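This briefing sets out the architecture, the annotated regions, one helix contact, the pocket lining and the aromatic pairs of a single chain. Please consult the sequence and the model alongside the text.

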Amino acid sequence: MPDVKHFDEAEALAAVEQLFWRRGSASTGIQDVVAATGLSRSSLYNAFGGKDDLYAAAARRYLEHRSRPMFDQLAADGRGLVAVRVFFDRLLRLRCSGEYAGWGCMMANANAEDPPDAVRAVLSEHHAVLRDSLAAALKVAESNGELRAGVEVEGAAEMLTLLAYAVNLRSRSGATRAQLRSAVSAALAALAA
């Protein structure tokens, strides 16, 4: 008779996501995962594979449940530079206040480690989706005449993507919302007509 799972995989993965997000992969051992989920090692390995597989699944969950909805909202906003400013305002609020303040972004945190290949693939996808969402907003801004002459949309989208990662990392190390907002304001002012 096959082994019957007596736990909710989605619930367990949500707990693992938060653990890796808060502590990173290097600082998280499998015993930490066992403690966070209340599951045995064998249950974890049977459901998710090894630690790297679990980390990749948690990163995928973060992308799909936390990042992608924000990115999709940005891409669909239709207000050009206002949409970009709203995106960064929301990012600053999430990183500097509330339940997850000081945690940074799981994807930015993972970029600062030496992630396994499966996680690198999720990081590349995260980067591309964020960059493409910013590019979509900047194209609207360009068509509205909001960008200064000579701004190349793809390069500007890449710059803002890197700025978002920097905001995430600096918020984790204690930068204030005012400090981070200053950098965002300067970047957006450099693009505006």
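Which residues lie nearest the centre of the largest pocket, and how many residues line that pocket? In this predicted model, the lining comprises 21 residues, and Y62, R66, M70, L94 and R95 are those nearest the centre. The chain that carries this pocket has 9 helices and 0 strands.

**Overall architecture**

- Read from the N terminus, the elements follow the order α-α-α-α-α-α-α-α-α.
- Along the principal axes, the C-alpha atoms of the chain occupy a box of roughly 65 × 35 × 25 Å.

**Annotated regions**

- An unreviewed UniProt entry assigns "domain: HTH tetR-type" to residues 6-66.
- That span is 77% helix and 0% strand, and its end C-alpha atoms are separated by 27 Å.
- UniProt also lists, in an unreviewed entry, a "DNA-binding region" at residues 29-48.
- Residues 29-48 are 80% helix and 0% strand, with 15 Å between the end C-alpha atoms.

**Contact of α4 with α7**

- Helix α4 spans residues 51-76 and helix α7 spans residues 117-143; the two pack at an angle of about 5 degrees, and their axes are 9 Å apart.
- Angles under 35 degrees count as roughly parallel, and α4 and α7 are therefore roughly parallel to each other.
- The residues of this contact comprise 15 nonpolar, 3 polar and 6 charged.

**Largest pocket**

- The volume of the largest pocket is about 280 Å³.
- Helices α4, α5 (81-96), α7 and α8 (153-172) each contribute at least two residues to the lining.
- Which helix gives the most to this lining? Helix α4 does, with 8 residues.
- By class, the lining residues divide into 13 nonpolar, 5 polar and 3 charged.
- Helices α4 and α7, which pack with their axes 9 Å apart, are thus both among the elements that supply the lining.

**Aromatic pairs**

- Across the whole structure, 7 aromatic pairs are found.
- One of these is formed by F20 and Y55, with 4.7 Å centre to centre and 40 degrees between the planes, a tilted arrangement.
- This pair links distant parts of the chain, since F20 belongs to helix α1 (residues 9-23) and Y55 to helix α4, 35 residues apart.
- Helix α4 therefore recurs across topics: α4 packs with α7 at an angle of about 5 degrees and is roughly parallel to that helix, α4 gives 8 residues to the pocket lining, and α4 holds Y55 of the tilted pair.

Technical notes:
Residues are numbered from 1 along each chain as its sequence is written. This is a predicted model: local features need pLDDT of at least 70, side-chain atom pairs count only at pLDDT 80 or more; totals for chains, interfaces and linings use all residues. Side-chain values use heavy atoms; hydrogens and water are left out. Axes are lines fitted to C-alpha atoms, for helices over the stretch in contact, and angles run from 0 to 180 degrees between N-to-C directions. Helices (H or I, at least four residues) and strands (E, at least two) are DSSP runs, numbered from the N terminus. Angles under 35 degrees count as roughly parallel, over 145 as roughly antiparallel, 65 to 115 as roughly perpendicular and the rest as oblique. Ala, Val, Leu, Ile, Met, Phe, Trp, Tyr, Cys and Pro count as nonpolar, Asp, Glu, Lys and Arg as charged, and the others, Gly among them, as polar. UniProt positions are given in the numbering used here, feature names are shortened, and annotations may be inferred rather than shown by experiment. On a 1 Å grid over the protein atoms alone, a cavity is a set of points where a 1.4 Å probe fits but cannot get out, and a pocket is an open set with protein on both sides within 12 Å along at least five of seven lines; lining residues have an atom within 4 Å of a point. Grid points are joined across faces, edges and corners, and a volume is the space filled by probe spheres set on the points. Rings of Phe, Tyr and Trp (its six-membered ring) pair if their centres lie within 6.5 Å; planes under 30 degrees apart count as stacked, over 60 as edge-to-face and the rest as tilted.
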